[in-house]
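Open the model in your viewer and keep the sequence panel beside it. The tour goes from one selection to the next.

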Amino acid sequence: MSSVLLALVIFPFAVAVVSYLVPLGIAKVLAPLSGAASFVLALVLVPAVVLHSHVVDGSELRVDALSVVFLIATAFLYLTTSIFSAGYLDLAPNVAGLKYGRRFYAGLNLFCWAMIVTPLLSNMALVWAAVEVTTVVSALLVAIDDTDSSTEAAWKYVLIASMGLGIALLATILLYYAGSSVFGSGFQLSYVKLLSDAHHLPADVMRLTFVLAVLGYGTKMGLVPVHTWLPDAHSEAPTPVSALLSGALLALCFYVILRFYQITSLAIGSSYPRDVFLGFGIASLLLAALYLLRQRDMKRMFAYSSVEHMGIVAIGMSFGVVLAFVGVLLHVLAHAAAKGTAFFGTGSVVRKFGTKDMAVIRGGVSALPLSGSMLVAAVFALSAMPPFGLFRSEFLIVSGGLSDPGYGVAAVLVVLVTLAFFGLSWSTTQTMLTTGPADVVGPSDLAASTGTAAAETAAEVRAAEEVGAEVGDAEEVGAKVGGGHAGDGEATRRPVDRGEVSPWIVLSMVLGIAALLLLGVHLPADLSRLLNDAARELRSPR
């Protein structure tokens with residue numbers, strides 16, 4: 001099994017390099033193949049970890065049940081996002097279009113590689129370095145459309161994420177300081193070593209370390225108040241990148257925080273880190289629920305939904321019981337599938353209508369019978385409606401919270417989740433389920449580029465024409481490309497044709513909905529044992 005870990009480290013990286021060198025058609029095939037291989041390898045690790053508790057390759061690569069849960073979520077999104085990208089991008093067959101495609105697929109595979117490597121590493125310093133790599137690569141992908149808005153969003157992301165990772169680096173240094181007081185200055189910063197003798201770590205240092213870790217990695221997890229990069233980056237990035245940011249990257253940063261939680265709980269008890277989780281979780285869930293009530297931009301709506309769900313898992317960790325922990329980990333898997341599917345559906349809507357403005361999109365399901373219907377299903381899943389996996393996970397989390405005689409936090413959680421449900425469901429039903437002819441907005445809201453850039457001004461449209469986008473009249477600009485966003489100009493309407501944008505988009509969404517139903521209706525036995533084993537790893541004896 002150690003060879004599986006090595007394959008997960010090597011294969012996606014090799015595909016990233018090759019994708020930049022080979023013709024675009026080959027790169028479009030390699031990405032789904034690499035995603036499928038990574039997902040299969042992650043699944044192969046499940047029975048091995050359930051049977052042996054961990055798999056090790058050398059001194060730096062190690063997975064246990066907790067690692068594999070997050071690895072599965074990341075690899076699944078790698079697969080589905082790669083499939084979605086094949087139908088989402090509509091590039092001009094010229095030098096500029098091919099250059100965009102090479103950069104996109106190389107960046108996509110490299111981003112997924114960095115996220116896959118993160119839960120494989122046992123050294124907390126290397127984990128920090130891997131998360132830093134995700135920042136650099138994903139920022140370049142956010143800015144890949146080279147518009148003013150995407151560049152601004154990328155810079156905002158880099159500045160805020162770098163600040164957060166600077167704080168996370170300080171937490172890592174303090175963790176090393178705490179460990180060196182027990183093991184000596186020459187020890188490797190392995191969480192396995194730290195867990196083995198955590199009760200001897202200095203308590204005050206560990207309290208500060210945990211707060212800094214939550215604040216630092218919480219910046220990239222999307223916790224309030226350090227979430228401010230997230231709506232802009234998700235809104236301006238190409239839709240495949242938005243799906244990976246929301247469904248995989250936020251969860252992986254949560255995984256790193258859980259490693260700090262394990263060590264801190266064994267060192268000082270779980271009460272203090274649980275209180276920290278509760279504070280950040282309530283703030284995140286409350287703010288996201290309120291913002292969801294007033295969103296017009298579809299991608300920004302799902303960005304705030306991600307803040308909401310990160311708040312839910314933080315609150316779930318504050319309950320401190322195994323049942324809630326199982327719900328939290330199941331939530332990570334289900335949220336990855338649901339949020340990926342939601343963004344894929346958004347990409348299909350934007351390709352069809354040429355805008356993300358939900359105030360002007362009507363008749364989405366009529367225009368997109370398959371992907372539109374599955375987008376609605378994904379929103380219901382994100383709202384924790386049965387029979388989807390997020391209903392099951394939130395039910396477990398609330399059940400764990402109700403084990404506390406006070407019931408207060410569980411009640412607050414239910415109220416805020418209900419509030420978020422109204423925001424999500426109202427906007428989506430108005431956009432997708434209205435009757436009558438489907439509409440599309442006019443030129444001020446449409447996009448043009450070799451990839452997914454937004455052309456909000458005439459100058460940007462001319463620039464897009466120069467790099468080879470097939471721009472006919474102004475009204476067809478947004479329909480030709482993948483993920484352009486709505487501008488702020490006055491909208492005009494005209495009918496759109498009924499039919500799907502691409503069968504690849506539909507396939508990626510079918511996989512997501514199937515995963516949500518599987519997680520909600522019947523968990524496979526090995527996966528259920530994996531979640532329970534991972535939850536027990538998080539349980540503190542103190």
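Start by selecting R536 and D533, whose side chains meet in a salt bridge with 2.4 Å from N to O. Keep in mind throughout that this is a predicted model. Both residues belong to helix α20, which covers residues 525–538, and because they are 3 residues apart there, about one helical turn separates them. R536 is partly exposed, with a relative accessible area of 40%.

Now zoom out to the whole chain. Colouring by secondary structure should show 20 helices and 4 strands. Of the 542 residues in the chain, 61% are buried. The chain exposes about 18400 Å², and carbon and sulfur atoms supply 66% of that area. Where contacts join residues at least 6 apart in sequence, 82% of them join residues at least 24 apart.

Next, select S508 in helix α19, which spans residues 503–521. Is S508 buried or exposed? S508 has a relative accessible area of 0%, so it is buried. To see what is around S508, add T80, I83, F84 and F344 to the selection; these are its contacts once neighbours within four places in sequence are left aside.

**Salt bridges**

The structure holds 9 salt bridges, and R536 with D533 was one of them. For another, select D297 and K356, where the N to O distance is 3.4 Å. D297 is in the loop between α11 and α12 (298–319), while K356 is in the loop between α13 (322–353) and α14 (364–367), so this pair ties together parts of the chain that are 59 residues apart in sequence. D297 and K356 are both buried.

Move on to R62 and D64. Their salt bridge has its closest N and O atoms 3.5 Å apart. D64 has 5% relative accessibility and therefore counts as buried. R62 has a relative accessible area of 16%; the limit for buried is under 20%, so R62 is buried as well. Add R259 to the selection: R62, D64 and R259 are linked in a network of salt bridges.

**Charges over rings**

Stay with R259 and show Y191. The charged end of R259 sits over the ring of Y191, 3.9 Å from the centre of that ring. Then go to R102 and Y20, where the charged end of R102 sits over the ring of Y20 at 4.5 Å from its centre.

**Aromatic pairs**

How many aromatic pairs does the structure hold? There are 20. Select F210 and F277 to see one of them: the ring centres are 5.7 Å apart, the planes are at 80 degrees, and the pair is edge-to-face. F210 lies in helix α8 (residues 203–221) and F277 in helix α11 (residues 271–292), so you are looking at a link between distant parts of the chain, 67 residues apart. F210 and F277 are both buried.

Keep helix α8 in view and select Y217 with F260. Their ring centres are 6.1 Å apart and their planes meet at 45 degrees, so this pair is tilted. Y217 is in helix α8 and F260 is in helix α10 (residues 239–268), so the pair ties together parts 43 residues apart in sequence. Y217 is buried, as is F260.

For the last stop, return to F210 and F277 and add F70, F254, Y255, Y261 and F325. Together these residues form one aromatic cluster.

How values were computed. Residues are numbered from 1 along each chain as its sequence is written. This is a predicted model: local features need pLDDT of at least 70, side-chain atom pairs count only at pLDDT 80 or more; totals for chains, interfaces and linings use all residues. Side-chain values use heavy atoms; hydrogens and water are left out. Helices (H or I, at least four residues) and strands (E, at least two) are DSSP runs, numbered from the N terminus. Buried means under 20% relative accessible area, exposed over 50%, partly exposed in between (1.4 Å probe, protein chains only). Contact means heavy atoms within 4.5 Å. Accessible areas come from the Shrake-Rupley method with a 1.4 Å probe; for residues, only the protein chains shown count as cover. Rings of Phe, Tyr and Trp (its six-membered ring) pair if their centres lie within 6.5 Å; planes under 30 degrees apart count as stacked, over 60 as edge-to-face and the rest as tilted. A charge sits over a ring if NZ of Lys or CZ of Arg is within 6 Å of the ring centre and within 35 degrees of the ring normal. A salt bridge is a side-chain nitrogen of Lys or Arg within 4 Å of a carboxyl oxygen of Asp or Glu.
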